[in-house]
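The following questions and answers work through selected features of a single protein chain. Please consult the sequence and structure while reading.

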Amino acid sequence: ADVLRRLRNTDPYWNQELYILESEIDGDIDEFIIRAGDDLGWLGYFIGISQVLTALYIEYLPEEGERVDALMRGVTHNQSMKELSIKTDLSGDQGFEKLGYFLRNNNALTRLIFEGFHVDAESGHYIAMALEQ
């Protein structure tokens, strides 16, 4: 809930980076720990409308594709993010397809990192199409 408030209200003490994690690293205010039952659609929505978020580090996502899809549906609308790091599978082609929309719509992005998971041919196709435009 604190992260959603910071995204919505532009908290001046927040460093404008967000980590999506399975478990806490150091308890900083920039960590969103995914728990069972979390509505990732709201997180995605507030990431999407944020005008101050500069970096998103996705280090964990649940296996339920519909939750990942809900998150990525919101993320696609963000236009302030300069760095996106994904260190977990996006749970199927829908996540990568949504990522393609984000890459086409966000002109601020200067750094994109994929690490620690396999990208199959179809998912790679969505990424390549997005980067081509």
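Q: Is glutamate 64 buried, partly exposed or exposed in this predicted model?
A: The relative accessible area of glutamate 64 is 35%. Buried means under 20% and exposed means over 50%, with partly exposed in between. Glutamate 64 is therefore partly exposed.

Q: With which residue does glutamate 64 form a salt bridge?
A: Side chains of opposite charge can pair when their charged atoms come close. For glutamate 64, the closest N and O atoms of the pair are 3.3 Å apart, and the criterion asks for a side-chain nitrogen within 4 Å of a carboxyl oxygen. The partner counts as buried, at 16% relative accessibility. This partner is arginine 67.

Q: What separates arginine 73 and aspartate 69 along helix H3, in terms of helical turns?
A: An α-helix has 3.6 residues a turn, so residues three or four places apart point the same way. Arginine 73 and aspartate 69 form a salt bridge, with the closest N and O atoms 2.8 Å apart. Arginine 73 is partly exposed at 45%, whereas aspartate 69 is buried at 11%. Because the two are four residues apart in helix H3, their separation is about one helical turn.

Q: Why is helix H3 largely enclosed by the rest of the structure?
A: Helix H3 covers residues 65-75. Among its buried residues are Val68, Ala70, Leu71 and Met72. The helix is largely enclosed because the number of its eleven residues that are buried is eight.

Q: Which residues touch the most other members of the largest nonpolar core?
A: In soluble globular proteins, nonpolar side chains tend to be buried together. The largest nonpolar core here has 30 residues. Elements that each supply at least two residues of this core include H1, strand E1, helix H2 and H3. The members with the most contacts to other members are Leu18, Ile20, Leu43, Ile47, Leu56 and Leu99.

Q: Which residues, beyond four places away in sequence, does leucine 43 touch?
A: Leucine 43 belongs to the group that touches the most other core members. Leaving out residues up to four places away in sequence, its contacts are Val3, Leu4, Leu7, Leu18, Ile20, Phe32 and Leu71.

Q: Which residues form a nonpolar patch on the surface with about 320 Å² of accessible area together?
A: One member of the patch, tyrosine 45, is found in helix H2. At 42% relative accessibility, tyrosine 45 counts as partly exposed. The residues that form the patch are Trp42, Tyr45 and Ile49.

Terms used:
Residues are numbered from 1 along each chain as its sequence is written. This is a predicted model: local features need pLDDT of at least 70, side-chain atom pairs count only at pLDDT 80 or more; totals for chains, interfaces and linings use all residues. Side-chain values use heavy atoms; hydrogens and water are left out. Buried means under 20% relative accessible area, exposed over 50%, partly exposed in between (1.4 Å probe, protein chains only). A nonpolar core is a set of buried Ala, Val, Leu, Ile, Met, Phe, Trp, Tyr and Cys residues joined through side-chain atoms within 4.5 Å. Contact means heavy atoms within 4.5 Å. Patches are made of residues with over 30% relative accessible area and no salt bridge: like charges are joined within 9 Å, nonpolar side chains (Val, Leu, Ile, Met, Phe, Trp, Tyr) within 5 Å. Accessible areas come from the Shrake-Rupley method with a 1.4 Å probe; for residues, only the protein chains shown count as cover.
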